[in-house]
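Student: I'm new to this structure and would like a close look at a single part of it. Could you take me through one helix and the strands around it, step by step?

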Amino acid sequence: MERVIERGAALDVHKKSVTACVRVPGPEGGRQQEVQTFGTTTAALLTLRDWLRAHGVTHVAMESTGVYWKPVYYVLEDEFTCLLVNAAHVSKVPGRKTDVRDCEWLAQLLEHGLLRGSFVPPVAIRELRHLTRYRTVLVQDRTREANRLHKVLTDAGLQLASVASDVLGKSGRAMLTALVEGTTDPAVLADLAQGKLRRKLPALREALTGRFRKHHALLVSQLLAHLDYLDEALEDLTAQIEAALGPFASDAARLDAIPGVGPRTAEVLIAEIGVDMRQFPTARHLASWAGLCPGTHESAGKRRPVRTRKGNHWLRAALIEAALAAVNVRDSALAGRYRRLVRRCGHKKAIVAVAHKMLATAYLLLADGRTYQELGAGYYDAKHKDHDVRRALQALERHGYRVSLEPVAA
């Protein structure tokens, strides 16, 4: 087999050790192989880098093992061409992978050009990605704490959530604070309502009649303190994200123009896929990487329905949320696409299809520097006009009708 890389190395990465295999030209035209194990501390990884440099290595391959590959990759990426390899792809390459060390087999695959590197964003995008993912986790934590608060109130017999639309709003917080401080009189608590909620004073007095005990007060105080901490942390984190997004502000503005995509979704899109679309040859490659493309299973001329593949779940979750918002935007092409598909595929598949279209649109906006142009709610109906007419005629003919069409004057 033709050799593509003369001086390559492969790493078998673990939590506490990294086993490296170097394959370089040997005497008399042969190949020379050397294997050595290093630690995973920063000092040990710098020693590994010097060892690879001493052998004249140009390319380094490693499998994406959990998060343990990250410090190794970050130390070596400035010196060598690093390939982060998907273990599922390597397992499909025929060979003696179970009989030899992983690093030796990877080194042989690397020198013959049989490895395909995964997408690793540049440093600025990686930093932004860390911030947006942590913000997502904090938002989820805040939602869980708010749900726990609702359960504590229900346990105490207080049905505040049935009357107030936002228990953690200004009026709700005042009532909860009063409960924690020992006030349990429904009339006094209801009188703390502000704004439009004062129209519901009789319902509030009834909803605030319960059995609020000391342990309920303790739980509510702890939950409110945690919610205050999360709100403050989210505010600080959002400010940091906006500062880190500064160099990509124009790209974020173009993405924000897509129906359903707000500033937060645009930040997640840039953090997950970057702004350089040369990493993905086409929009279809990006959709496949994100896990938003339909699976295919065709055998004997029959196509069977298959679930979407696994992909970047952070990006997928953000796009599904944006798609749910986009289908409610009147006179948008995305809403029209949803209405066409939901009759045939159902709600869930139609939402995934809309998310797929939104990701393809984002790809084109970032790849070509375009601005979003709304096509209108009737775009897909006009595009598939002939197909719709043909299907309608076929349906009528199956029921025994002969139909002739005459266009109506505009």
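Tutor: Let's begin with the residues of helix H1 that are buried: Ala44, Leu45, Leu48, Trp51 and Leu52. Around the helix axis they cover an arc of only 115°, which puts them on the same side of H1. The face turned away from that buried side carries exposed residues, namely Thr42, Ala43 and Ala54. Please keep in mind as we go that this is a predicted model.

Next, the length of the helix. H1 covers residues 42-54, which makes 13 residues, and at 1.5 Å a residue these should span 18 Å. The C-alpha atoms at its ends are 18 Å apart, so expectation and model agree. After H1 comes Gly56, which has a positive phi, near 70°.

What lies over the buried side? The cover of the buried residues of H1 includes four strands, E1 (8-13), E2 (17-25), E3 (31-39) and E4 (59-63), together with helix H2 (69-76). Those strands deserve a visit of their own.

They belong to an open sheet of five strands, ordered E3-E2-E1-E4-E5, with mixed pairing. Its edge strands are E3 and E5 (81-85), each of which pairs on one side only. On average, neighbouring strands in this sheet are turned by 20° against each other, direction ignored.

Here is a general point to carry along: in a regular strand, side chains alternate between the two faces of the sheet.

Let's walk through the pairings, starting with E1 and E2. These two strands pair in the antiparallel sense over six bridges, and the hairpin that joins E1 to E2 passes through three residues. Look for Gly8, which stands opposite Arg23 in E2.

On to E2 and E3. Their pairing is antiparallel too, with nine bridges. You can follow this pairing at two places: Ser17 stands opposite Gly39 in E3, and Pro25 stands opposite Arg31 in E3. The hairpin of E2 and E3 has five residues between the strands, and within this hairpin Glu28 takes a positive phi near 60°.

How enclosed is E2 by the rest of the structure? Seven of its nine residues are buried, so E2 is largely enclosed.

Now for E4 and E5. These strands run parallel and are joined by five bridges. One pair to look for is Met62, whose bridge partner in E5 is Leu84.

Helices pack on this sheet as well. H2, which we met as part of the cover of H1, packs on the sheet and touches E1, E2, E4 and E5, and its direction makes about 170° with that of E4. Helix H4 (residues 102-111) also packs on the sheet, where it touches E1, E2, E3, E4 and E5. The direction of H4 makes about 145° with that of E1.

To set H1 in the wider chain, pick Leu52, one of its buried residues. Compare its position with Ala317: the two are 265 residues apart along the chain, and their C-alpha atoms are separated by 40 Å. Ala317 lies in helix H14 (residues 313-326). Its relative accessibility is 47%, so Ala317 counts as partly exposed.

While you are at H14, notice how it meets helix H16 (residues 347-368): their axes come within 8 Å and cross at roughly 105°. That angle makes H14 roughly perpendicular to H16. Residues in this contact include Leu315, Leu319 and Ile320 of H14, and Ile351, Val352 and Met358 of H16.

One more helix makes a good companion to H1. Helix H7 (residues 170-180) has the buried residues Ser171, Gly172, Met175, Leu176, Ala178 and Leu179. They cover an arc of only 160° around the axis, which puts them on the same side of H7. For H1, the cover includes strands; for H7, it includes the helices H5 (123-155), H6 (160-163), H8 (186-190), H9 (201-207) and H10 (214-244). Just after H7, Gly182 takes a positive phi of about 110°.

So, to return to your helix: the buried residues of H1 lie on the same side, within an arc of only 115°, and their cover includes E1, E2, E3, E4 and H2.

Methods
Residues numbered from 1 in each chain as written. Predicted model: local features only at pLDDT ≥ 70, side-chain atom pairs only at ≥ 80, totals over all residues. Heavy atoms only, no water. Expected span 1.5 Å × (residues − 1). Buried < 20%, exposed > 50% of the residue type's maximum accessible area, 1.4 Å probe, protein only. Arc of directions from axis to C-beta. Contact = heavy atoms within 4.5 Å. Pairing = 2+ DSSP bridges. Axes fitted to C-alpha atoms, helices over the stretch in contact; angles between N-to-C directions. Parallel < 35°, antiparallel > 145°, perpendicular 65-115°, else oblique.
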